[in-house]
Amino acid sequence: MESQALALIDNNAKHQRSPPGASPDIVPSTAQLRRAFPVMNIATISSGFEKGDFLVREEKGQRVYFDFFEEAFNYIAYKGYIRMTGEDEKEWMDTMNNVHASVKGGMKYNTGKLLMVLYKPLATDEEMM
C-alpha cells in the first residue's frame, strides 16, 4: 500500500507545473526547463534554540546562530540569498514541516520554528561564459 503521508512529488496532474507553452507530447528543451524550474540553493531562518535565538541553515549543512533576527537576515542576504515569494515560501515551509513530522518518534535534534525560506539562484552555463 502506497503511503500518502509525505508526498514530495504529487502525481495529481492538476498540481504539476509545466514550462510555458509546453505540450504533454513535446519534451521541453533544457533552456525552457531552466527558466521554468531554476536551479537554486535554499537557506532557512528558524527560531527557538539555546545557542542563539535564531539559526541560519544554508548550503552544505552550515549552521550559524544569532542573538538577533536582523543579524541572521543580514548575514544570509549578504551571501546573495533572496526571500521567496509568498506561495513558494509557503510550499517549502509545508514540505519541511511534513518532512520533520514524518520522522517516527520525532526529530533527533531541535528543528525550531521555521520563520523564513530564502533562495539563491545558481549560475547557469550561459552566465559562466
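A residue counts as buried when its relative accessible area is under 20%. Keep that in mind for these close-ups of a predicted model.

**View 1. Phe-54 and Phe-69 meet edge-to-face.** Phe-54 has a relative accessible area of 17%, so it is buried. Its partner Phe-69 is partly exposed, at 27%. The ring centres sit 5.8 Å apart with the planes at 70°. Phe-54 belongs to strand β2 and Phe-69 to helix α2, so this pair links distant parts of the chain, 15 residues apart. Add Phe-73 and you have one aromatic cluster of Phe-54, Phe-69 and Phe-73. Across the structure there are 4 aromatic pairs.

**View 2. Four acidic residues make a negative surface patch.** Look for Asp-53, Asp-67, Glu-70 and Glu-71. Asp-67 sits in the loop between β3 and α2, and it is partly exposed at 47% relative accessibility.

**View 3. Lys-79 reaches Glu-58.** Here's one of the 4 salt bridges in the structure, with the closest N and O atoms 3.2 Å apart. The two residues are 21 apart in the chain: Lys-79 is in the loop between α2 and β4, while Glu-58 is in the loop between β2 and β3. Lys-79 is partly exposed at 33%, but Glu-58 is buried at 6%.

**View 4. Arg-83 pairs with Glu-89.** This salt bridge brings the closest N and O atoms to 3.0 Å. Arg-83 is partly exposed, at 44%, whereas Glu-89 is buried, at 7%.

**View 5. Lys-90 and Asp-94 form a salt bridge in helix α3.** They are 4 residues apart, so about one helical turn separates them. Their closest N and O atoms are 2.9 Å apart. Lys-90 is partly exposed at 45%, and Asp-94 is partly exposed at 35%.

Definitions and conventions:
Residues numbered from 1 in each chain as written. Predicted model: local features only at pLDDT ≥ 70, side-chain atom pairs only at ≥ 80, totals over all residues. Heavy atoms only, no water. Phe/Tyr/Trp six-rings, centres within 6.5 Å; stacked < 30°, edge-to-face > 60°. Buried < 20%, exposed > 50% of the residue type's maximum accessible area, 1.4 Å probe, protein only. Patch = residues over 30% accessible without salt bridge, like charges linked within 9 Å, V, L, I, M, F, W, Y side chains within 5 Å. Areas by Shrake-Rupley, 256 points an atom, 1.4 Å probe, with all protein chains shown as cover. Salt bridge = Lys/Arg side-chain N within 4 Å of Asp/Glu carboxyl O. Charge placed at Lys NZ, Arg CZ, Asp CG, Glu CD.
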